Protein chains: 2
Amino acid sequence: MATMQDVARRAQVSVSTVSYVLTGARPISQATRDKVLAAMAELDYQPNALARGLASRRSRILGLLLPMDERGIGATETAFVTGATSAAVAAGYHLVLSPIGVGDLDELRRLASQRILDGALLMEVQLHDPRVDVLREAGVPTVLIGRTEDPSGLSYVDIDFDRTVRAAVDHLVGLGHRRIVYVNHSADTIAEGYGPALRTRDSFTAAMTEHGLTPLMIPAEDSAASGRAALASALRQEPDLTAVLAMNESAVFGLLGELSTRGLTVPDDVSVVSMVTSPQVAELATPALTAMTSPGSALGRIAVQTLLRHVESGDGEIHQELLPCVLEVRGSSGPPRTPAASTTDPEAADERSSPGTEAARRRAATRRRA
Amino acid sequence: MATMQDVARRAQVSVSTVSYVLTGARPISQATRDKVLAAMAELDYQPNALARGLASRRSRILGLLLPMDERGIGATETAFVTGATSAAVAAGYHLVLSPIGVGDLDELRRLASQRILDGALLMEVQLHDPRVDVLREAGVPTVLIGRTEDPSGLSYVDIDFDRTVRAAVDHLVGLGHRRIVYVNHSADTIAEGYGPALRTRDSFTAAMTEHGLTPLMIPAEDSAASGRAALASALRQEPDLTAVLAMNESAVFGLLGELSTRGLTVPDDVSVVSMVTSPQVAELATPALTAMTSPGSALGRIAVQTLLRHVESGDGEIHQELLPCVLEVRGSSGPPRTPAASTTDPEAADERSSPGTEAARRRAATRRRA
DNA sequence: TTGAAAGCGCTAACAT
DNA sequence: ATGTTAGCGCTTTCAA
């Protein structure tokens, strides 16, 4: 492995000159630069990142702290990761992911205090997230993906949940829906203080109230079974519901299964809108899900750019930015069958008595639409 | 940030003694060790990873090279990652993920030549994978997750696709199925030389032939739409099929949707078995999918242990290991309706002429089972 | 059982 | 515009 010494010798210059053509920290004459570059190419020289990091106190490595629960990483997070990675590479940094959650504080402390990372991106931020403190104590510049309860003094990028929820509710209300149920994350998650769950809850309540409608929220675990249960519970509390807004991607599938089991068609009997869902996942369902698509890649890029500003300027100014998800209408949302008056419609009444047959007939008619 | 100097001074010993306490590379008297440890604790000393790496030529960082396509990382891969991470941490290493695919050879070369990684785990290995060469040229010890076409001289851990496919086929044949279709990954993927697609194809052919059955394989893109098309194509080529074995997790959902659209119930009309699928994803479907569960976490652990053996012994001996997936029977598989003789059954013949209505009737009957 | 000191490969003053 | 050189914080001979 060639070192800088080798390059310097071969180009007949000093090591510092080689270093400076690499870093660009001071002007080098074109002739010298060419000699050095040629020598590098001939020797297939690659700088030693550890040596450079030790001398410059900059590892040029950014960490993306990404808790991995058993459910995996969704397409939404993936888009974020790829956006962040390409932004980092474009700036000459490496972006490494570390599957560190709120439970692995010791490993985080190790990683943060060993001066391996120039900065960190924190995903899945809780309202009270101990990782933020660990990173601050270790002096590692950080950008949050998400927000703590009081994010003053912290840079973050996050989804604009308020605008996202309102856009979803507006879409459904615009179609004529009045009885809309919101299937949120689990009660535990809410109790833990998971921001998206709390913020969407509040925004949903506000949006519905402003429309003169009654908000009903049902929490659901991150599983299909819980989605089924949530739908059952929703129908119990609101038998006339015509639309479901769901935050919980796993639950959505159970919810759809339960609707089908009950002979209820989507979107004719019940419209479904999925929040913060990638197109890929939305297309998995039958019919494909109308969804609020998250700006994952853009969030990743902005987060890295913000972080680099902090890293390179020795803590620059705070940057806080919210991006809304974008509504993408697919097959799972449509106008309600009987706008707010199901009993006046004889066919609808009939349908209620024998939903299976009726639903099957209707499905046959709409088959080719999906 | 305290340095080793500071610790040495405070403990009244030399820096080398402090270093030896840390590395254990030579015996230290208990008294001295205690002094040093106390000083470290008092100063909240953390070794500088870059300095240590430069001096020892060991970064103690392992890379997990994990291509991230737009579909995200499944629960299977996640289990692998967590298994690998905990094994690495237990050995005092960091495990960082880098979203590097076969397309990012330059970034890989950078990462590999900069001496940041002591070793690498390569996921989603292709039969002819250029990343292997890049890593070998850079002298980075590597363990494959998966196999190249000729893996001699390379350590790897992989799923035992042959045993997995045979177990799945045996399960279906044992239930009485004769017409079984295999929905594989896409034709492009196969052409590219993606190992799992090729190996399962061959094993499926062999297993079916050994049972005296005719193998039929249908390729499908990684999408629900393609899963629908694959089912349509399967029914065209094999109208009497009673079971589908699917490798492609995304396609499975489209396939299930298409079955439902056609009024075919699972598992009464068609049994479905999903390969290399996590319990979490299997539960998303309605009914829950009978699946071959991958040994993700164990694979991760074994891969890291193998890699560390290479790293620490300066290339130890080759280790190659295959682990099969385990069959987990859920609601999507059962005995076929008419064991291998559909034309002798009048009701079945009738069903063929008007599948929609007939199926709907049957569904009403089985509704409560799911 | 411990200490002294020479690097590891690079950056960044300080010179000229 | 370029060269000289003192570290960065640690590991690891070589000595004692």
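**View 1. Arg26(A) and a base of DNA strand D.** A base oxygen of DNA strand D lies 2.6 Å from an N or O atom in the side chain of Arg26(A), a polar contact (a pair of N or O atoms within 3.5 Å). The model is predicted: local features need pLDDT of at least 70, side-chain atom pairs count only at pLDDT 80 or more, and totals for chains, interfaces and linings use all residues. Residues are numbered from 1 along each chain as its sequence is written, chains are lettered from A in the order in which they are written, and side-chain values use heavy atoms, without hydrogens and water.

**View 2. Phosphate contacts of DNA strand D.** The side chain of Thr17(A) places an N or O atom 2.7 Å from a phosphate oxygen of DNA strand D. For Arg52(B), the distance from a side-chain N or O atom to a phosphate oxygen of the strand is 3.5 Å.

**View 3. The protein surface near DNA strand D.** There are 28 residues around the strand, and Arg26(A), Thr32(A), Met4(B), Tyr20(B) and Tyr45(B) come nearest; a residue is near if one of its heavy atoms lies within 4 Å. Sugar and phosphate make up 53% of the strand D atoms that come within 4 Å of the protein.

**View 4. Leu121(A) in the largest nonpolar core.** This core has 94 residues, and Leu121(A) and Leu121(B) have the most contacts inside it. A nonpolar core joins buried Ala, Val, Leu, Ile, Met, Phe, Trp, Tyr and Cys residues through side-chain atoms within 4.5 Å, buried being under 20% relative accessible area (1.4 Å probe, protein chains only). Leu121(A) touches residues including Leu64(A), Val143(A), Ile145(A) and Leu307(A), with contact meaning heavy atoms within 4.5 Å.

Methods:
Buried < 20%, exposed > 50% of the residue type's maximum accessible area, 1.4 Å probe, protein only. Polar contact = N/O pair within 3.5 Å; in protein donor to acceptor, adjacent residues only side chain to side chain. Lists of a residue's contacts leave out its neighbours within four places in sequence.
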